[in-house]
Amino acid sequence: HGCIAKQLRHAGFAAMTFELKDGPQYNVPNRSVIKLIKDWIQNGEILGIWFGTPCTTWSIACRPAARSRDHIWGLPDLSPHRQPGVDSGNLQVRVTASIINVCVSRNIPCCLENPDSSLMWQVPSLQRLLKLSVCTSSRFCMCSFGTRWRKAARVVGWLAEVSCLDRIMCNE
């Protein structure tokens, strides 16, 4: 978490992260935080955004499953202890798509990273954003960037060229 911001700061850019673990003032789905970010975008105070929206309940590896392609917003009859996680994931994706829309309208580059198999990519608002002419996509295995796991990931960029990330094969 925060490794992209760390690299940007190392290169001399101002960069900040919004991670809930750092406190409620960094909770992106919080209305005041959303307003702050959108105001920064509208005022030209942001040069770009990288979204690492949590995959949690969007993952097809989530067991027991919380979603399916037929029930993208959550399976019917989820147990009461699973529903809050699904609701949180739904809100996070809606907020992410909303901020991406503002970025695109203001010509601010932004990227979204998630596992390639994430059900998040099936959300209608993201599906519409994926069809925009300013959208590019890259798929790769995480191990090609030095991780110990082979997980396939996808980065989608709006007004941002991400094809340089295309590395399907892992380094042996």
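Trp-58 is buried, at 0% relative accessibility; buried here means under 20% relative accessible area, exposed over 50%, and partly exposed in between, with a 1.4 Å probe and protein chains only. Trp-73, at 31%, counts as partly exposed.

Before going on, the basis. This is a predicted model, in which local features need pLDDT of at least 70 and side-chain atom pairs count only at pLDDT 80 or more, while totals for chains, interfaces and linings use all residues. Residues are numbered from 1 along each chain as its sequence is written, and side-chain values use heavy atoms, with hydrogens and water left out.

On confidence: pLDDT is the predictor's own confidence in each residue, from 0 to 100. The protein averages 88, and 95% of the residues score at least 70. Among the elements, helix α4, residues 124-130, has the highest mean pLDDT at 97, and helix α1, residues 3-10, the lowest at 83. Helices and strands are DSSP runs numbered from the N terminus: H or I over at least four residues for a helix, E over at least two for a strand. Where pLDDT is low, the predicted coordinates should not be read in detail.

Back to the tryptophans. Rings of Phe, Tyr and Trp, the last by its six-membered ring, pair if their centres lie within 6.5 Å; planes under 30 degrees apart count as stacked, over 60 as edge-to-face, and the rest as tilted. By that rule there are 2 aromatic pairs. In one of them, Trp-58 and Trp-73 have ring centres 6.1 Å apart and planes at 80°, so the pair is edge-to-face. Both residues lie in the loop between β1 (49-51) and α3 (83-105), so the pair ties together parts 15 residues apart in sequence.

Each of these rings also has an arginine over it. The rule is that NZ of Lys or CZ of Arg is within 6 Å of the ring centre and within 35 degrees of the ring normal. The charged end of Arg-67 sits over Trp-58, 3.4 Å from the ring centre. For Trp-73 the partner is Arg-94, with its charged end 4.1 Å from the centre.

The β1-α3 loop also contains Pro-64. A cis peptide bond joins Arg-63 to Pro-64, with omega about -5°.

How do α2 and α3 pack? Helix α2, residues 31-42, meets α3 at an angle of about 15°, with the axes 10 Å apart. Axes are lines fitted to C-alpha atoms, for helices over the stretch in contact, and angles run from 0 to 180 degrees between N-to-C directions. That makes the two helices roughly parallel; the class covers angles under 35 degrees, with over 145 roughly antiparallel, 65 to 115 roughly perpendicular, and the rest oblique.

After α3 comes the loop to β2 (110-115), where Pro-109 is found. Pro-109 is partly exposed, at 28%. Its C-alpha is 9.9 Å from that of Cys-135, 26 residues away in sequence. Asn-107 is in the α3-β2 loop too, and is exposed at 56%. Phi of Asn-107 is near 60°, a positive value in a residue other than glycine.

Leu-159, in the segment after β4, also has a positive phi of about 60° without being a glycine. Leu-159 is partly exposed, at 31%.

Last, Met-142, in the loop between β3 (135-141) and β4 (152-158). Met-142 is buried, at 18%. Its C-alpha is separated by 28 Å from that of Arg-82, 60 residues apart along the chain.
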